[in-house]
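Work through the exercises below with the model in view. Try each task before you read its solution.

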Amino acid sequence: MKGYTEVRTQDELDAFDHVVDGFFDAVVKEAHVLNRSHVHREDSSIAMGDGFDVQLIIQTQNRDFEVEVVLRRVTTIHLDSDILDKPLMCSVIESGVWPPREIRIGALRGAELFYRTRPKSGSCATLGSELPSPQTIAAVRIQQGWRQCSGCRDAWEEPEHLSFSRCPSCGALTELVEPDAGPIA
Ligand SMILES: [Zn+2]
């Protein structure tokens, strides 16, 4: 997950809390929830993933950027639109144990936390259709708006601003990387 910071230690959790200014005067602008389990199109069998992943856009009055948060292997999901009266809190369940059993952001509980800062988006909806994950294969940009899967070599058209995209041929979740030497042979 290029450009994202993973929170693994208490110091990193404190740094994250500083980046989001303790969620003071903050809103959850946008949320995307994805289940990593699914029913196969071909034979209707169930592919078990490792649970829900949640992607959030956090906007706060006291920063000149916004923060994108990815919480993986989420066990509890509860979003409250009225968070100005109930500021989000980030904490570790089972303090003193690293890696933590659970990371809590407000009433969200999960096992892995990633974040990055990004320019303010105001009222715009900005999250792409695929949720970021560290479990991807590379897709290489072969020309403007086109990328190629490093797994099956198929190419497809995708907007440039979306880093994560699912290959329409093999179904792999891909992360866009810059080309080294043109298309994959
Ligand atoms: Zn593919």
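**Exercise 1: Leu34**

With 17 C-beta neighbours inside 10 Å, Leu34 counts as partly exposed. The model is predicted: local features need pLDDT of at least 70, side-chain atom pairs count only at pLDDT 80 or more, and totals for chains, interfaces and linings use all residues. Numbering starts from 1 along each chain as its sequence is written.

Task: explain why Leu34 counts as partly exposed, then place it in the fold.

Solution. Step 1: recall the cut-offs. A residue is buried if 20 or more other C-beta atoms lie within 10 Å of its own, exposed if 12 or fewer, and partly exposed in between; the C-beta atoms are placed from the backbone. Step 2: apply them. Leu34 has 17 such neighbours, so it counts as partly exposed. Step 3: find its strand. Leu34 belongs to β2; strands (E, at least two residues) are DSSP runs, numbered from the N terminus. Step 4: list its contacts (C-beta atoms, placed from the backbone, within 7 Å). Leaving out residues up to four places away in sequence, Leu34 touches Phe52, Asp53 and Leu131. Step 5: check a C-alpha distance. Leu34 and Val54 are 20 residues apart along the chain, and their C-alpha atoms are separated by 6.5 Å.

**Exercise 2: the sheet that holds β2**

Task: give the strand order of the open sheet that contains β2, and name its edges.

Solution. Step 1: read the order. This open sheet of five strands runs β1-β10-β6-β5-β2, with antiparallel pairing. Two strands pair if DSSP finds at least two bridges between them. Step 2: name the edges. β1 (5-7) and β2 (26-35) each pair on one side only. Step 3: take one pair. Six bridges link β5 and β6 in the antiparallel sense. Ile57 stands opposite Glu68 in β6.

**Exercise 3: the nonpolar core**

Task: which elements give two or more residues to the largest nonpolar core?

Solution. Step 1: define the core. It is a set of buried Ala, Val, Leu, Ile, Met, Phe, Trp, Tyr and Cys residues joined through C-beta atoms within 7 Å. Step 2: size it. The largest one has 21 residues, and Val20, Val54 and Leu113 are among those with the most contacts inside it. Step 3: name the elements. They are β5 (52-60), β6 (66-74), β8 (102-105) and β10 (112-118). Step 4: follow Val20. Beyond its neighbours within four places in sequence, Val20 is in contact with Ala26, Ile58, Thr60 and Val67.

Definitions and conventions
Helices (H or I, at least four residues) and strands (E, at least two) are DSSP runs, numbered from the N terminus. Two residues are in contact if their C-beta atoms, placed from the backbone, lie within 7 Å.
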